[in-house]
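Hi everyone, thanks for coming. Let's have a look at this one together, and please stop me whenever you like.

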Amino acid sequence: MSDQILPKESKSYWRATNDLPLFPKINDNIETDIVIVGAGLTGITAAYLLSSSGRKVTVVEGSRILEGTTGFTTAKVTAQHGPIYQQLITTFGEEQARLYYDANTEAKEFIKQTIEQLGIHCDYETMPAYIYADTEVGIEKVEKEMEAYNTLGIEGAALTKDTGLPYTVKQALKLEGQGQFHPIKYAKALMEKAIENGVEFFEESRAKTVKSNTVELMEGQLIRANKVLVCSHFPFNDGDGLYFARMHSERSYALASIAPTNYPKGMYINVEKPTRSVRTALGNDGKRYLMIGGEGHVTGRFEGDTNENYETLAAFGREQFKVKNYDYRWSAQDLVTLDQLPYVGAMTAGKSDVLVATGYAKWGMTNSTVAARIMADLVLERENRYIELYNPARSKLKKEDITSFAKTNASVAKELVKGKTELVDLKLEDIQSGSGDIIMMDGKKVGAYKDDQGKVYLVKPACSHMGCNVSFNNAESSWDCPCHGSRFSYKGDVLEGPAFEPLEKVEYVD
């Protein structure tokens, strides 16, 4: 597929259409009342909520602020999280399933009200959300989800085949009154208000450990605080609570192009695999953009060239929406917990001063807001009826959790063995410019990447988290770990946790 159809470089629509200020790096030890590690939507919302509490709040980000998952989402502000409620009823019961709906609906309303109160211009639009089916099996799933809605008393929902999509679906579940927005514009406005209230933000300051309420940074600086809020997507201190064994990571892909004149007036996602997610956005240039997402897979485990995922989405857009070329392409990483509900609360049982928020799957806009509100209420010792539902130490493992835990960790063990025993027959001369792979060099496996000018970058391919061999992601020019989802740049620098140490570099002599 030519570069005229797909952009050569990966760039998020949200990041490309909004500038962000630069923040300083932490160079000395500091003391604060509350330190928030991670400046995505969760951390920024928590900072905003705590900014008027009279406490000193400090936010630290390992890379650039809003350069993580928040900047690579599809930004649907909805309580319709795919066909989840039938599953929640089975796993948790009706009362807890309804609580999840209420939590995310309240989060949606909080976002909308905050936009109105602060006068935030973030392209918020009220839209219906649809889950839809293309197959007979999918029809059954959609209809069961409608039954779950009726059981839980969810209003504004109906089965329909009239979706506004330019292609026929066999059945759909429509939920009225949902929303969509520009997540960076929204988060930036919350950040500006938090700063106005006295919150300090730092970036390029990667956290390494938390001990006795003290966060140690990679370069040795210490941040002493009364409360530590870990909002770093994957908990950087994941050994506390074994989060790496209780979640798995998935990558998904997205494209954006000028929308057709008769663009669909809703937000859509199918219930089958592969996933197809559709929405539009009103651009700064006054044009309407169509966004198509999907093609998800476990991080580091895609068999083939990851560029194929973009090409498949582009073909879908061409066939169904007559799209000829795309202005933006990007990918995102999501964390999925054993029972599909996020972990929000005390990092480990009995230690209330270190809180964590993680595992939103693909529904981070409302769940990040739920998480920030829970964390703020825990810090301020206020009641919140969703604390137990999201509690990371929630009741004993259910049968479904045990099965999921076994499958997740069995696949990790398989990848670990595979990476160490798999034969490699590539040599450096086999690597094309602009790509990378594992090669044999002097009898050892080495990760090799050649840039477009032919410059070579070599790393040891063992992930710095637990030693699994990484694989090269050509679509994003990154080294991805198939065990726990850590990601590194082609130079070996950390892009995604749980790893916090870079890949070890190998000296190259031409």
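Let's start with an open sheet of four strands, in a model that is predicted. Reading across the sheet, the order is β23-β24-β25-β26, and the pairing is antiparallel. Which strands sit at the edges? Those are β23, residues 471-473, and β26, residues 494-496, and each of them pairs on one side only. On average, neighbouring strands here are turned by 35° against each other, if you ignore direction.

As a quick reminder, strands of a sheet pair through backbone hydrogen bonds, and they can do that in a parallel or an antiparallel way. Take strand β24, residues 478-480, with strand β25, residues 487-489: this pair is antiparallel and runs over three bridges. If you'd like a spot to click on, go to Trp479, which stands opposite Phe488 in β25.

Now, on to a pair of helices. Helix α2 covers residues 41-50 and helix α4 covers residues 94-118. Their axes lie 14 Å apart, and the two pack at an angle of about 60°. Angles from 35 to 145 degrees that fall outside the 65 to 115 range count as oblique, so α2 and α4 are oblique to each other. As for handedness, α2 and α4 cross in the left-handed sense.

Which residues make the contact? From α2 we have Thr45, Tyr48 and Leu49, and from α4 there are Phe110, Thr114 and Leu118. Sorted by class, the contact of α2 with α4 has four nonpolar residues, two polar ones and no charged ones.

That's my tour, so over to you for questions!

Note on methods. Residues are numbered from 1 along each chain as its sequence is written. This is a predicted model: local features need pLDDT of at least 70, side-chain atom pairs count only at pLDDT 80 or more; totals for chains, interfaces and linings use all residues. Side-chain values use heavy atoms; hydrogens and water are left out. Two strands pair if DSSP finds at least two bridges between them. Axes are lines fitted to C-alpha atoms, for helices over the stretch in contact, and angles run from 0 to 180 degrees between N-to-C directions. A crossing is left-handed if the near helix is turned anticlockwise from the far one by less than a right angle, and right-handed if clockwise. Contact means heavy atoms within 4.5 Å. Ala, Val, Leu, Ile, Met, Phe, Trp, Tyr, Cys and Pro count as nonpolar, Asp, Glu, Lys and Arg as charged, and the others, Gly among them, as polar.
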